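This report covers the strands, pockets and some local features of one protein model. Please look over the sequence and the fold before reading on.

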Amino acid sequence: MVVKIINKSKHSLPKYSTPLSAGVDLTANLESPIELQPLQRVLVPTGFFIELPDGYEAQIRPRSGLAIKHGITVLNTPGTIDADYRGEVKVVLVNLSDKSFTINDGDRICQMVINKFEKAEFVEVDILSETERGEGGFGHTGV
C-alpha cells in the first residue's frame, strides 16, 4: 500500500523499526521544548501531512516505553486519522505521572498504525438475537 506524505518537519519520514513492527514512530516537530506538567495535556505537531487510500485509517497510539517509564500517553487513544483528512498530524499527549516531562524536537512521541476498515450498513430492527451474554456489561464476568 502507498501512503502519500508531505514532510514539513526537520526529521526523516516515519519508518518501521523492525521488519514485523505494526506501527511507525512519529516524532515531535518543535521550535522549542515543551515542559509537560503532571496531568497537563498538549497538542504536539509532527510536521507530517498524509493521504490515505479510501477504506483505510491511521490510528495514533501511545509508545509503551513513554507510558511505563514516564506516564506519558496519547489522551484520545487510539486517535483516528480519516482518509479524507489533509491537515497536519498532531498528537494529544498527557502526562499521567507526578513529575514534569520534557518533550524535545525529534523525540518519538507515539506510534501510527494503518488499518483497513469496513463501512457498516445500519438496519433498524425491533429486536436483536438472543445470546448467552445478553445485556451483561462492564464486569459481568467477574475480575
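What is the order of the strands in the open sheet that includes strand 10? The order is 2-10-5-7, a sheet of four strands with antiparallel pairing. The model is predicted, so to speak, by record: local features need pLDDT of at least 70, side-chain atom pairs count only at pLDDT 80 or more, and totals for chains, interfaces and linings use all residues. Residues are numbered from 1 along each chain as its sequence is written, and side-chain values use heavy atoms, with hydrogens and water left out.Strands here are DSSP runs of E with at least two residues, numbered from the N terminus, and two strands pair if DSSP finds at least two bridges between them.

**Sheets**

In the 2-10-5-7 sheet, strand 2 (24-27) and strand 7 stand at the edges with a single partner strand each, so one side of each has no neighbour in the sheet. Its neighbouring strands are turned by 35° against each other on average, direction ignored; the axes behind such angles are lines fitted to C-alpha atoms, and angles run from 0 to 180 degrees between N-to-C directions. Four bridges join strand 2 to strand 10 (residues 108-116), and the two run antiparallel. Val24 stands opposite Met112 in strand 10.

A further open sheet has four strands in the order 1-4-8-6, with antiparallel pairing. Strand 1 (4-7) and strand 6 (72-74) are its edge strands, and each pairs on one side only. Between neighbouring strands of this sheet the average turn is 40°, direction ignored. Strand 4 (residues 41-51) and strand 8 (residues 88-95) run antiparallel and are joined by six bridges. Arg41 stands opposite Val94 in strand 8.

**Pockets**

A pocket is found on a 1 Å grid over the protein atoms alone: it is an open set of points where a 1.4 Å probe fits, with protein on both sides within 12 Å along at least five of seven lines, and lining residues have an atom within 4 Å of a point. A volume is the space filled by probe spheres set on the points.

| Pocket | Volume | Lining by class |
|---|---|---|
| Largest | about 210 Å³ | ten nonpolar, no polar, no charged residues |
| Second largest | about 180 Å³ | eight nonpolar, three polar, three charged residues |

In these classes Ala, Val, Leu, Ile, Met, Phe, Trp, Tyr, Cys and Pro count as nonpolar, Asp, Glu, Lys and Arg as charged, and the others, Gly among them, as polar. The largest pocket is lined by Met1, Val3, Ile5, Leu13, Pro14, Tyr16, Val24, Ile50, Met112 and Ile114. Val24 and Met112, the opposite residues of strands 2 and 10, are thus both named in that lining. Strand 8 gives the most to the lining of the second largest pocket, with five residues.

**Local features**

The charged end of Lys8 sits over the ring of Phe49, 5.0 Å from its centre; the criterion is NZ of Lys or CZ of Arg within 6 Å of the ring centre and within 35 degrees of the ring normal. A cis peptide bond joins Thr77 and Pro78, with omega about -10°, and Pro78 is found in the loop between strand 6 and strand 7. Leu39 is not a glycine, yet has a positive phi of about 65°; its place is in the loop between strand 3 (34-36) and strand 4.
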